[in-house]
Amino acid sequence: MKIRIAVFIALSSIATTALAASNRISNGLIIHSSGEVAIERQNGRIVRPTSGTLIYPGDKLRTAQNAQLTIQCADLGIKSIAPGENQLNSCLLAKEESKSDCSADLIKCPDRGDDKISWNSAPIPYIISPRRTQLLDSKPILRWNPVAGATSYKLSLRENGAKLNWEMTVSGTEAVYPGEPALKPGIKYRLIVEANTGVSSESAVGEGDTEFSLLDEKAVEGVKEAVGAIEQQVPNENAQKLAISNLYLNTNLISEAIEILENIQKAGVETPPINRALGDLYLEKLQLVPQAEVYYSKTINTAKPDDIEELTAARYGLGQVHSAMRNNLEAMKYLRMAKDGYTTLGDLPMAEKVEKQLRDLQRREQRK
């Protein structure tokens with residue numbers, strides 16, 4: 001069974017909306033490179049790619065005699081660029097997601113007056129994983145935010161809103177669901193975490209929107225078949241993982257895709273594009289502002305000074321993060337840098353969008 005992909009919702013998905021060039025839609029990304037390689041953008045800018053670097057229609061992919069590139073297209077197809085090649089990006093165009101420029105979410109609209117979660121309030125054990133996702137694994141890893149002074153946490157699940165007959169008490173901030181009672185496809189579950197200090201994950205406004213569910217058996221078979229195809233086509237282990245994470249994201253397996261990306265980093269493959277992608281996923285998909293801040297900051301710390309695309313996207317992301325945290329002055333600082341970056345890249349629509357956000361933040365700061 002083959003998985004039919006309607007939209008490329010992968011490492012490039014968020015970047016094709018707000019966090020990358022607004023007048024271009026990414027149609028693939030680099031999953032592995034070796035030797036001297038380069039991407040020439042349509043405007044003539046030369047990019048030195050690393051794992052996770054996005055590619056766009058019109059890009060020229062260049063490899064020296066000792067070099068090679070492996071790319072994953074928007075349709076999840078794998079292509080290799082042989083040594084000594086200079087060829088046009090041949091991936092098919094990706095379909096653009098239907099998405100409004102600005103929703104009622106403060107993360108995307110700095111002029112909104114209230115937060116979904118008050119990130120500057122007293123810490124609570126908000127859910128990190130699984131939330132807002134589907135799952136392959138019926139015994140998922142459960143993760144939550146630590147609470148100062150807490151020595152234990154009581155875990156429970158809600159099944160379609162009703163309390164499931166299961167509880168577990170642990171001392172750390174991570175546990176594995178034991179598998180009993182068995183989780184079932186088509187059911188909405190929500191993890192509840194209560195710290196022994198008295199605070200609960202349900203204390204946060206907006207934390208009700210953290211449900212997860214299992215893929216049905218037919219979809220699981222399709223994902224496993226696609227994973228097998230990737231493993232046959234891609235010999236490099238880390239490139240395999242990156243390609244599989246994209247497959248997972250296309251199937252809304254967000255938590256498990258993030259887990260793969262974080263494990264790639266733990267294995268020593270930490271690149272600015274992967275850091276930026278994790279920031280995007282935590283911010284836009286899971287709406288976890290603190291985690292997004294960590295990865296955008298890592299992007300800036302690991303990017304080279306001439307990596308304007310990734311630096312600009314990360315600064316834009318940090319602008320959204322600080323806006324959600326109500327740190328207006330910090331948000332404006334990063335957005336100004338992002339505006340300069342988009343202007344340098346020739347992305348005037350994005351620069352204009354950032355300018356509007358700056359005006360909104362200035363008005364919000366004046367009302368304080």
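In strand β7, K79 is the residue that sits across from I71 as its bridge partner. Strands here, like helices, are DSSP runs numbered from the N terminus (E, at least two residues, for strands; H or I, at least four, for helices). The strands β6 and β7 run antiparallel and are joined by four bridges; two strands count as paired if DSSP finds at least two bridges between them. This is a predicted model, where local features need pLDDT of at least 70 and side-chain atom pairs count only at pLDDT 80 or more, while totals for chains, interfaces and linings use all residues. Residues are numbered from 1 along each chain as its sequence is written, and side-chain values use heavy atoms, with hydrogens and water left out.

Zoom out a little, and β6 and β7 turn out to belong to an open, antiparallel sheet of four strands, in the order β4-β1-β6-β7. The edges are β4 (54-55) and β7 (78-81), each pairing on one side only. Lying across β1 (28-34), β6 and β7 is helix α3 (residues 237-250), which runs at about 175 degrees to β1. That angle is taken between N-to-C directions, from 0 to 180 degrees, with axes fitted as lines to C-alpha atoms, for helices over the stretch in contact (contact being heavy atoms within 4.5 Å).

Strand β6 also takes part in the one disulfide of the structure. This link joins C73 to C91, with S to S at 1.9 Å (the cut-off for a disulfide is a pair of cysteine sulfur atoms within 2.5 Å). C73 lies in β6 (residues 68-73) and C91 in the loop between β8 (86-88) and β9 (127-129), so the bond ties together parts 18 residues apart in sequence. The link is left-handed, at -65 degrees about the S-S bond. Are the two cysteines buried or exposed? C73 is buried because its relative accessibility is 2%, and C91 is buried too, at 8%; buried means under 20% relative accessible area, exposed over 50%, and partly exposed in between (1.4 Å probe, protein chains only).

Next comes β5 (residues 60-63), whose covered face has L61 and T63 and whose uncovered face has K60 and R62. Strand β5 pairs antiparallel with β2 (residues 37-40) over four bridges, and R62 stands opposite A38. Strand β5 also pairs antiparallel with β8, over three bridges, where L88 is the bridge partner of K60.
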